[in-house]
Amino acid sequence: MALKEQIIQNHNEFLESLRHRFLDEDRKAALQRFEKAGFPTKKDEEYKYTNLKEITEKAYNFFPKESHNITKEQLDHLHLGEENFDWITFVNGKLHKELSKVSIENVEFLSFNYALNDEKHRDVFEKYFNTIAEDQSAFTNLNQAYCKYGFFLKVPKNVVIEKPIHVFYISQNQEENTFYNTRNLLIVDEGAKVEIIESHHNFDSTYVLTNSVTEIFTYPNAKADWHKLQNDNDTSYLLDNTFAKQEKDSLTTVNTFSFGGKLVRNNLDFIQNGSNINSFMNGITIIGKDQLVDHHTAVHHNQPNCESYQNYKGIFDGKSHGVFNGKVFVDKIAQKTNAYQQNNNVLLSEGATIDTKPQLEIFADDVKCSHGCTVGQLNEDALFYLRARGISKKEAQALLLYAFANDAMQNIDIEPLKEKISKLLAEKLQVDIEF
């Protein structure tokens with residue numbers, strides 16, 4: 001049975017498994033929208049370079065087994081040497097406190113499922129839930145219909161969370177292909193600050209499909225950083241949808257590091273809802289074999305005197321396929337906008353491909369907006385320079401590629417995360433680099 005039919009068939013059973021009823025009608029309406037539109041195909045402009053057929057023709061289990069046998073050694077391997085971090089661990093969709101370390105105070109933190117059942121958070125959900133993720137796409141509708149797993153975090157006014165929070169989503173001990181719809185809601189109140197790291201891990205040989213939706217609300221003078229570390233195995237599919245809404249004088253960053261997973265699609269949408277806002281999007285993609293990573297970004301400049309910065313680097317080997325489609329929209333009242341967008345790519349083999357399409361839609365006349373993309377191979381002069389100094393061809397290529405990708409992570413101020421990304425870069429490029 002194709003995935004679409006499974007989704008429709010399983011929905012009533014899913015609703016019966018939930019204790020919270022106030023979202024039932026919204027869930028049913030979302031499912032009806034999904035049923036009417038179906039999954040996007042290559043005939044749809046937004047998916048013309050990404051074929052989802054491999055995902056949508058598989059059968060999945062919608063009710064993952066909760067039992068697991070995750071070991072401390074397996075978890076330690078996933079950490080970043082982050083003894084001073086907090087971390088939240090979800091295994092097979094369920095939050096496990098015994099595998100988590102949460103020392104943060106003066107904040108509201110709940111698993112998404114628990115928050116839905118908590119009466120005192122009903123007003124918060126009605127105010128925020130699905131207010132910036134209602135883009136009516138197949139995957140956001142599907143997530144609204146089925147979301148259950150994930151976390152809710154509200155950082156009150158002027159509270160600065162000093163420790164980064166690493167959120168682990170782990171799937172293990174599943175005998176069938178498994179489908180997760182994770183949902184995250186982050187609210188950073190005026191003057192507050194928080195940094196989140198998110199990673200997904202499939203420990204089984206069966207396939208995992210994760211359809212994730214994250215909504216980030218950053219209020220005046222607040223700062224929210226969200227780092228996505230995508231390094232899963234070859235039986236993992238990730239469809240990630242992140243929406244960020246910013247108020248005046250705020251700063252929000254989303255960094256996306258894509259190294260693993262069979263197919264990864266990142267949809268990133270920023271909405272600037274005030275003046276003097278800064279939005280940062282950076283990405284590094286290094287893949288090979290027949291992997292596919294697709295980055296779709298959009299920034300909506302709706303008010304004057306704001307800035308956005310996009311810097312995506314891609315390195316593609318084997319028969320891998322990369323996609324970058326970045327859009328910048330500048331409203332007619334958004335004067336003094338400064339928007340930068342750049343996508344640079346290196347193809348290491350004849351079978352690797354990249355489709356890149358930076359776009360600007362500008363309706364204001366006093367702006368500084370630039371976009372560009374490059375696709376090519378390594379610089380032969382630089383390669384010759386290194387080889388002339390006794391460095392082997394393989395090492396010289398790896399060093400140049402490391403330098404090429406490195407500037408896309410310069411704004412990471414979490415040293416263990418920066419070191420982890422550097423090590424992953426070195427591993428992917430098969431070069432010894434001292435840190």
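Q: Which residue just after helix 10 takes a positive phi?
A: In this predicted model, the place to examine is the position just after helix 10. The phi there is positive, at about 55°, and the residue that takes this value is glutamine 430.

Q: What span should the 15 residues of helix 10 have, and how far apart are its end C-alpha atoms?
A: Helix 10 covers residues 415-429. At 1.5 Å a residue, its 15 residues should span 21 Å. The distance between its end C-alpha atoms agrees with this expectation, because they are 21 Å apart.

Q: Which residues of helix 10 are buried, and what does their cover include?
A: Buried here means under 20% relative accessible area. The buried residues of helix 10 are Leu417, Lys418, Ile421, Ser422, Leu424, Leu425, Ala426 and Leu429. Their cover includes helix 9 (393-406) together with strand 8 (193-202), strand 10 (223-230), strand 12 (251-258), strand 14 (278-287) and strand 16 (307-316).

Q: What is the order of the strands in the open sheet, and which are its edge strands?
A: The open sheet has ten strands with mixed pairing, in the order 2-1-5-8-10-12-14-16-18-20. An edge strand pairs on one side only, and the two that do so are strand 2 (94-95) and strand 20 (368-376).

Q: In which sense do strand 1 and strand 5 pair, and which residue stands opposite aspartate 86?
A: Strand 1 (residues 86-91) and strand 5 (residues 165-171) are joined over six bridges, in the parallel sense. Opposite aspartate 86, in strand 5, stands isoleucine 165.

Q: At what angles do helix 9 and helix 10 run to strands of the sheet?
A: Helix 9 lies across strand 14, strand 16 and strand 18 (338-347), and runs at about 160° to strand 16. Helix 10 packs on the sheet, and its direction makes with that of strand 10 an angle of about 25°.

Note on methods:
Residues are numbered from 1 along each chain as its sequence is written. This is a predicted model: local features need pLDDT of at least 70, side-chain atom pairs count only at pLDDT 80 or more; totals for chains, interfaces and linings use all residues. Side-chain values use heavy atoms; hydrogens and water are left out. Helices (H or I, at least four residues) and strands (E, at least two) are DSSP runs, numbered from the N terminus. The expected span of a helix is 1.5 Å times one less than its number of residues. Buried means under 20% relative accessible area, exposed over 50%, partly exposed in between (1.4 Å probe, protein chains only). Contact means heavy atoms within 4.5 Å. Two strands pair if DSSP finds at least two bridges between them. Axes are lines fitted to C-alpha atoms, for helices over the stretch in contact, and angles run from 0 to 180 degrees between N-to-C directions.
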